[in-house]
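Work through the exercises below with the sequence and the 3D structure open. Each task is followed by a solution in steps.

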Amino acid sequence: MADSTRRFQAPKGTRDFYPEEMAFRRHIESTWRAVSIEHGFDEIEGPAFEHLDLYTVKSGEGIISELFSFTRAGGDVPYALRPEFTPTLARMYASRANSLPVPTKWFAIPTHFRAERPQRGRLREHVQWNIDMIGDPSANADAEVLATCIGVLDRFGLSARDMRVRLSHRDVITLALQNAGVQQPAMQATFELIDRREKMGQEAFQEQAMTIGLEASAIDRIEALARTTADASEDPCTILEAIGVGADAGEPLRQLQACLEAYGLLDWCTWDFSIVRGLAYYTGMVFEVHEATGSERAVAGGGRYDNLIELFGGPPTPACGFGMGDVVLGLVLKDRCGDSQVDSMPGPDAFVICDHDDESMLVQRILASLWKHRLHARRSYKSTRNVGKLLADADRCGARFTVLVSSDEPEGSVVLRDMQSKNQESISIDQLAGCIRSRLSATGD
Ligand code: HAM
């Protein structure tokens, strides 16, 4: 095939959003936005690409190996498409730290780019809802962030039977690993290995554990951590005993438990010390949200990152937050809730049809007037003059009213048909928009 007739395909791991897919994506995004605002978060956004070193400073090997990095044509400054939002948020907070409220509560719904191997639940471009609470070191902040995450799951019609919030704590894991002989320089690599453990075979896990220099006792301890789960209502100290960590480390878990109880969230949560999070910047409570049977990858993940803002030149500032991606969430929603979640494309308020050759461009004039009155108005582009067929067209697109421009009507009038009651009447064009508007508000449409 000659180059000029070559058919282009979207790059691997990306998606085209045709109207139905876009309606579903907007449904997800508008639910994220509504729940964020209800929980007191303000929306922000940053650039889709940043200086490369923003990510190499503290995101961790996992993310660095998946960067799309580039220079501009003729330039030599290295940039990268954003693989996650947290470094941008930390940079933005650091540059205005003195004038921002305490706490600062921000949300964002950016697209992210990761050069991962595309597979179920993992693409090279995804949309990720970010919730972050900055400036508050308390367990209440952790619980408020979790309440917002669970608030969204609930709004989508998911329940504590459908989803699990798996809670853990970096300090507890660090202590458990230190007690098993893992030295500090190997700690981050060990976190990343534990983070990938569920996705790799036993053999690959053993092999990589040896590569980073873990002793057999450390590998046994990681296996024990992975088996240690309990309802979040259980006393955390009992669970710590099971992984060889002293009860002192249980205090932050107890505080978190008390706050989660106050917000009524314990039902959704499980203590699960197989969760460590791969990203390098987490410092305290960490969590992941999974579909309850464990059949999909994580829907969301996050935790506390108390050192990151300082690293970007801000004052020492505690922070916590999470990201929830649209890909796995979309799979779970379609699986659990079926098409009821998908069909959210609004039909027009008015659909304009004409039963004759419209030489005076009345259809255009009516559309212009309806649009000016902020009504959602569409027209038929079919060449047929058969009113039955044109009405079927109006029905198909879910129109609330049809406006028929008819040669049988007196000049200056059209037929207005209510597509629900099927009643129709002759109405003056001057009154048309006002009449549709008042009927829509009378029926609450
Ligand atoms: P993350 O665990 O890397 O965390 O991503 C959060 C969520 O984004 C994942 O649970 C998953 O649903 C989705 N996600 C990540 N990568 C992909 C991918 N390649 N394809 C589809 N979905 C994906 C972070 O990014 C942290 N920055 C979150 C955070 C915000 N922590 C604190 N504040």
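**Exercise 1: the end of a helix**

Just after H15, glycine 398 has a positive phi of about 75 degrees. The model is a predicted one.

Task: Find which residue caps the N-terminal end of H15, and through which atoms.

Solution.
1. Helix H15 covers residues 387–396.
2. The cap is asparagine 386.
3. One of its side-chain oxygens lies 2.9 Å from the backbone nitrogen of glycine 388.

**Exercise 2: the two faces of H15**

Task: List the buried residues of H15, and work out why they lie on the same side of the helix.

Solution.
1. Leu390, Leu391, Asp393 and Ala394 are the buried residues of H15.
2. Around the axis they cover an arc of only 150 degrees, so they fall on the same side of H15.
3. In an α-helix there are 3.6 residues a turn, so residues three or four places apart point the same way.
4. On the face turned away from the buried side, H15 carries the exposed residues Lys389 and Arg396.
5. The cover over the buried residues of H15 includes strands E14 (350–354), E16 (401–405) and E17 (413–418).

**Exercise 3: classifying two ring pairs**

Task: Decide how the pair of tryptophan 32 and tryptophan 129 is classed, then do likewise for phenylalanine 287 and phenylalanine 322.

Solution.
1. A search of the whole structure gives nine aromatic pairs.
2. The ring centres of tryptophan 32 and tryptophan 129 are 6.0 Å apart and the planes are at 10 degrees, so this pair is stacked. The cut-off for stacked is under 30 degrees.
3. Tryptophan 32 belongs to helix H1 (residues 19–38) and tryptophan 129 to strand E7 (residues 125–134); the pair links parts of the chain 97 residues apart. Both tryptophan 32 and tryptophan 129 are buried.
4. For phenylalanine 287 and phenylalanine 322, the centres are 5.9 Å apart with the planes at 65 degrees, and therefore the pair is edge-to-face.
5. Phenylalanine 287 is in strand E11 (residues 285–291) and phenylalanine 322 in strand E13 (residues 319–325), so the pair ties together parts 35 residues apart in sequence.
6. Phenylalanine 287 counts as buried at 0% relative accessibility, and phenylalanine 322 is buried at 2%.
7. Trp32, Trp129, Phe287 and Phe322 form one aromatic cluster.

**Exercise 4: charges over rings**

Task: Over which ring does the charged end of arginine 25 sit, and over which face does arginine 400 lie?

Solution.
1. Arginine 25 has its charged end over the ring of phenylalanine 17, 4.6 Å from the centre.
2. Arginine 400 lies over the face of phenylalanine 401, at 4.7 Å from the ring centre.

Technical notes
Residues numbered from 1 in each chain as written. Predicted model: local features only at pLDDT ≥ 70, side-chain atom pairs only at ≥ 80, totals over all residues. Heavy atoms only, no water. Phe/Tyr/Trp six-rings, centres within 6.5 Å; stacked < 30°, edge-to-face > 60°. Helix = DSSP H or I, 4+ residues; strand = E, 2+ residues; numbered from the N terminus. Buried < 20%, exposed > 50% of the residue type's maximum accessible area, 1.4 Å probe, protein only. Lys NZ or Arg CZ within 6 Å of the ring centre and 35° of its normal. Arc of directions from axis to C-beta. Contact = heavy atoms within 4.5 Å. Polar contact = N/O pair within 3.5 Å; in protein donor to acceptor, adjacent residues only side chain to side chain.
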